[in-house]
Amino acid sequence: MSTESTPSEQSTPQSIPAATIIIYRNCPDDGAPQILMTVRSRNMAFAGGMAVFPGGRVDAADFDLAEAICADGNTVDPLDEVAHQIAAVRETLEETGLALGLTGDINAANADEARAMLEAKNELAPVLERFGWTLDLNQITPFARWYPKNEKIPRVYDTRFYLANLGTGKVEISSDNSENTRLFWTSAQGALDAADTGEIKLIFPTRRNLERLAMFASFEEAQAQAKAIPVKTIVPKVDASSGQPMLTIMEDAGYPITAELLETVARG
């Protein structure tokens, strides 16, 4: 995961723009579709030891590449959104070895080489040039945006979530063994069950996103809902009107559960 950041156009100076792809695959045993999750190193300042979706912050180089793409007229999306999409593609390749949002002659060998190049350079543009690949951002679908602002925390991630589908069953993946210690496939409900038994730990946004994903029997269902509901910036708020403080989110963003007792919330 890279270390530089450029504030997004819609974020406050204290926020860190970030992006992630929720990656679907068909279950090898014909069960519920699976999604890819990672366990972050306990040494990480943010969400240490927590199970999350692979992703990371948006870098200055992501904005540079987005600016070039927008200047060429290859997208109708605003530069800020394109930069987040690029970051999601870059971080996915760097953290998992999966080349999503890309087209060209892509195979396991050159994807592995590209991943090593990314880890050295932290920029996607040289990788695209080296391997003759092009971005295909239509492969990823905007799903959500979470910005859990907190005046007591100096650095807060403003994260955009995307959906993508591998479609296949068995896929080779490997952790970067630095910021992330484990990668694993699970159904959305399986991840929630694992959290309930203490096998994994989830921060508030990840749990809410898993509950939403668990509503769907396929990637296509999840994608259809994501396209039907415009992405809104979700800013959790504390509501103490019931006598027990609750951390709440808006009711109209597609989530089946919109409140949790504040005392039970796990934070990053």
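## Exercises on a predicted model

**Exercise 1.** Which residues does Thr92 touch, not counting residues up to four places away in sequence?

*Solution.* With that exclusion, Thr92 touches Ile21, Ile23, Gly97, Leu98 and Leu100; contact here means heavy atoms within 4.5 Å. Before going on, please note that this is a predicted model, in which local features need pLDDT of at least 70, side-chain atom pairs count only at pLDDT 80 or more, and totals for chains, interfaces and linings use all residues. Residues are numbered from 1 along each chain as its sequence is written, and side-chain values use heavy atoms, with hydrogens and water left out.

Next, place the residue: Thr92 sits in helix H2 (residues 79-96). Helices (H or I, at least four residues) and strands (E, at least two) are DSSP runs, numbered from the N terminus. Now look along the chain: Ile23 is 69 residues away from Thr92, and their C-alpha atoms are separated by 9.1 Å. Finally, follow the side chain of Thr92, which reaches the backbone oxygen of Ala88 at 2.7 Å.

**Exercise 2.** Is Thr92 buried or exposed?

*Solution.* Start with the cut-offs: buried means under 20% relative accessible area, exposed over 50%, and partly exposed in between (1.4 Å probe, protein chains only). Thr92 counts as buried because its relative accessibility is 0%. For the wider setting, buried residues make up 52% of the 268 residues in the chain.

**Exercise 3.** What does the side chain of Gln34 make a polar contact with?

*Solution.* First find Gln34 in strand S2 (residues 34-40). Its side chain pairs with the side chain of Arg25 at 2.7 Å. A polar contact is a pair of N or O atoms within 3.5 Å; within protein, one must be able to donate a hydrogen and the other to accept it, and residues adjacent in sequence count only if both atoms are side-chain atoms. Then widen the view: leaving out residues up to four places away in sequence, Gln34 touches several residues, including Tyr24, Arg25, Trp185 and Thr186. Gln34 has 13% relative accessibility, so it counts as buried.

**Exercise 4.** Which residues lie nearest the centre of the second largest pocket?

*Solution.* They are Ile69, Asn74, Leu135, Asp136 and Leu137, out of 16 lining residues. On a 1 Å grid over the protein atoms alone, a pocket is an open set of points with protein on both sides within 12 Å along at least five of seven lines, a cavity is a set where a 1.4 Å probe fits but cannot get out, and lining residues have an atom within 4 Å of a point.

Now pick Leu137, in the loop between S6 and S7. Leu137 counts as buried because its relative accessibility is 16%. The C-alpha atoms of Leu137 and Gln85 are separated by 6.9 Å, with their positions 52 residues apart along the chain. Not counting residues up to four places away in sequence, Leu137 touches Val82, Gln85, Val89 and Gly101.

**Exercise 5.** Which strand gives the most to the lining of the largest cavity?

*Solution.* Strand S7 (residues 141-146) does, with three residues. The full lining is Phe143, Ala144, Arg145, Arg212, Ile229, Pro230, Val231, Lys232, Ile234, Ala253 and Tyr255. To sort them, count Ala, Val, Leu, Ile, Met, Phe, Trp, Tyr, Cys and Pro as nonpolar, Asp, Glu, Lys and Arg as charged, and the others, Gly among them, as polar. That gives eight nonpolar, no polar and three charged residues.
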